[in-house]
Amino acid sequence: MKSHLILITNDDGYQSKEIQSLINAVKEFGEIMIVAREGPQSEMGHARTVNKYIRCNRTNFHGTVESYYCNGT
């Protein structure tokens with residue numbers, strides 16, 4: 001059976017305890033990829049990045065889980 005790819009993201013940053021909780025909750029269901037903010041940006045739903053590049057960087061913060069953090073608003 002083909003494994004599912006599970007994307008985890010949030011607005012609290014890639015180092016948040018909530019992301020680790022989500023990893024633990026779904027790791028048995030498939031491969032996990034994390035793409036999250038570099039730092040907390042709660043309640044920024046209408047903000048947007050204009051006239052700047054958005055950069056994503058790979059991180060090993062979550063061990064073997066493929067993880068990226070992004071800048072921007």
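This section describes the sheet, the helix packed on it and the aromatic pairs of a predicted model.

The model contains an open sheet of 4 strands, arranged in the order 1-2-4-3 with mixed pairing. Strand 1 and strand 3 are the edge strands, each of them pairing on one side only. From one strand to the next, the twist averages 25 degrees.

Strand 1, which covers residues 4-8, runs parallel to strand 2, residues 30-37, and 5 bridges join the two. Within this pairing, L5 has E31 of strand 2 as its bridge partner, and L7 stands opposite M33 of strand 2. In a regular strand, side chains alternate between the two faces of the sheet. On its other pairing, strand 2 is joined in the parallel sense to strand 4, residues 66-70, again over 5 bridges. The bridge partner of I34 in strand 4 is S67.

The antiparallel component of the sheet is the pairing of strand 3, residues 56-59, with strand 4, made through 4 bridges. Here C56 has C70 of strand 4 as its bridge partner. Strand 3 and strand 4 form a hairpin with 6 residues between the strands, and in this hairpin G63 adopts a positive phi near 70 degrees.

The connection from strand 1 to strand 2 involves helix 1, residues 17-26; together the three elements make a β-α-β unit, and this unit is right-handed. Helix 1 packs on the sheet, where it touches strand 1 and strand 2. The direction of helix 1 makes about 165 degrees with that of strand 2.

The aromatic contacts were examined next. The structure holds 2 aromatic pairs. One of them is formed by Y14 and F61, whose ring centres lie 5.6 Å apart with 85 degrees between the planes, an edge-to-face arrangement. This pair links distant parts of the chain, since Y14 lies in the loop between strand 1 and helix 1 and F61 in the loop between strand 3 and strand 4, 47 residues apart. Y14 counts as buried because its relative accessibility is 11%, under the 20% limit for that class. F61, at 44% relative accessibility, counts as partly exposed, as this class lies between 20% and 50%.

The rings of Y14 and Y69 also pair, with centres 4.8 Å apart. Their planes meet at 15 degrees, so this pair is stacked, the cut-off for stacking being under 30 degrees. The pair likewise links distant parts of the chain: Y14 is in the loop between strand 1 and helix 1, whereas Y69 is in strand 4, and the two are 55 residues apart. Y69 is buried, because its relative accessible area is 18%. Through these ring pairs, Y14, F61 and Y69 are linked into a cluster.

Note on methods: Residues are numbered from 1 along each chain as its sequence is written. This is a predicted model: local features need pLDDT of at least 70, side-chain atom pairs count only at pLDDT 80 or more; totals for chains, interfaces and linings use all residues. Side-chain values use heavy atoms; hydrogens and water are left out. Two strands pair if DSSP finds at least two bridges between them. A crossover is right-handed if, with the strands pointing away from the viewer, the path from the first strand over the helix to the second runs clockwise. Rings of Phe, Tyr and Trp (its six-membered ring) pair if their centres lie within 6.5 Å; planes under 30 degrees apart count as stacked, over 60 as edge-to-face and the rest as tilted. Buried means under 20% relative accessible area, exposed over 50%, partly exposed in between (1.4 Å probe, protein chains only). Axes are lines fitted to C-alpha atoms, for helices over the stretch in contact, and angles run from 0 to 180 degrees between N-to-C directions. Contact means heavy atoms within 4.5 Å.
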